[in-house]
Amino acid sequence: MTIVQFEHRPGILDLGWGHPLPSLLPLGAWSGAGAETLETYGWQALTYGHPTGPAPLIDWLCAHVGDATPGQTFVTAGASHGLALLTQLLTGPGDVVLVDSPTYHLAFQILTDHGVRLVPAPADEDGLRPAETAALARSLGAVFLYLVPTFGNPTGRSLPLERRRELVSLGVPIVEDDTYRELYYGDGAPPALWHLANGHGVVRLGSFAKTVAPGLRLGWINAAPSLIDRLARLGYVHSGGGVNHSTAMTMATFGTSGAYERHVARLRDRYREHRDALTGALGVPAPDGGWFVWLRLPAGLDAEALLPRAERHGTSFVPGPAFYAGRGGGSDHVRLSFSHLAPADLIEAAGRLRAALPAE
């Protein structure tokens, strides 16, 4: 019986899946939070929820994130759901959306499901080039720019703070997917948040998929109150109440009890070990956060041509072109995930990948 999305292939240590290690999912703590939620809130945890999300979660979330108010927050069924909602409200068929190059590949279909046209934004090794991006946005009448600016998928890099500020100052409408912000492995905190309170036209997508569990299908949107109000007045919200209300209530308990902070601290320690195992075996620099290594291939080697050879050696990955709109780049890179396999398996997978590379 099929239950989960992941498909195990015998003999393959697959570095392509951006999924959590199953043993790191907080089964006991989440179960305890669910029981405490029902005991505390009773029937209110199981009925139709408030349109923008339940106050216990929104209040905790605003205090935790620290850059938004309750009036700037809407609870979603995850970041992908949030992106779909924003695209539904903000775009029409044929509108242009700029996307980072490279960026999260599964966002492309979410956007094109609504009939928009994707255009790659100008970027270099450090990320988006603000002045050129702003000029392109103006010339095409782009509705917004989509990017994963912190520990991005697939690169693991973060857009430098000065470039973030320049994008905002140039008036580029931004939808940022902030899924990986709390998975940092250095001594310092991740780069600063956009300043939503200043009304700069930045919309943030958040998710508990990576920090707690993807099966919760729970996240949020931070945006201007006018946009939050439009989200709350959507027909399906009016019909069914707030999104994923019971899970949102349990998440509020999980957060306020301190279980969330303890769990995420454990994730950082464990995923740091995973990251170090894979990058150490490959002899490449370690990203500061996230789940991925963006591996440059030897000169002249094509990522898509390498894939079947790697699978014959017992490992797999996502070829770089998947992360470019129109597949217009990335043939010299592959994305490797270090989240889904244990450190020993990551080291073995790295050895298999190295064995698949042509001899120099």
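This passage describes the internal cavity and the main pockets of a predicted model.

The search of the whole structure returned 1 cavity of 30 Å³ or more. The largest cavity holds about 160 Å³ of space. Its lining comprises 19 residues. D100, P102, G127, V148 and T155 lie nearest the centre of this cavity. Two elements, β5 (123-124) and β6 (127-128), each give two or more residues to the cavity lining. By residue class, the cavity lining contains 8 nonpolar, 7 polar and 4 charged residues.

The largest pocket has a volume of about 920 Å³. A total of 37 residues line this pocket. Nearest its centre are Q5, G18, H19, K210 and P214. Helix and strand contributions come from α3 (79-90) and β9 (202-207), each with at least two lining residues. The largest share belongs to α3, which supplies 3 residues. The lining of the largest pocket divides into 21 nonpolar, 12 polar and 4 charged residues.

The second largest pocket encloses about 430 Å³. It is lined by 24 residues, and T155, R157, P285, A286 and P287 are the closest to its centre. Strand β11 (residues 292-296) provides the largest share of this lining, with 5 residues. Of the residues lining the second largest pocket, 14 are nonpolar, 6 polar and 4 charged.

T155 links two of these sites. This residue is among those nearest the centre of the largest cavity, and T155 is also among the closest to the centre of the second largest pocket.

Conventions
Residues are numbered from 1 along each chain as its sequence is written. This is a predicted model: local features need pLDDT of at least 70, side-chain atom pairs count only at pLDDT 80 or more; totals for chains, interfaces and linings use all residues. Side-chain values use heavy atoms; hydrogens and water are left out. On a 1 Å grid over the protein atoms alone, a cavity is a set of points where a 1.4 Å probe fits but cannot get out, and a pocket is an open set with protein on both sides within 12 Å along at least five of seven lines; lining residues have an atom within 4 Å of a point. Grid points are joined across faces, edges and corners, and a volume is the space filled by probe spheres set on the points. Helices (H or I, at least four residues) and strands (E, at least two) are DSSP runs, numbered from the N terminus. Ala, Val, Leu, Ile, Met, Phe, Trp, Tyr, Cys and Pro count as nonpolar, Asp, Glu, Lys and Arg as charged, and the others, Gly among them, as polar.
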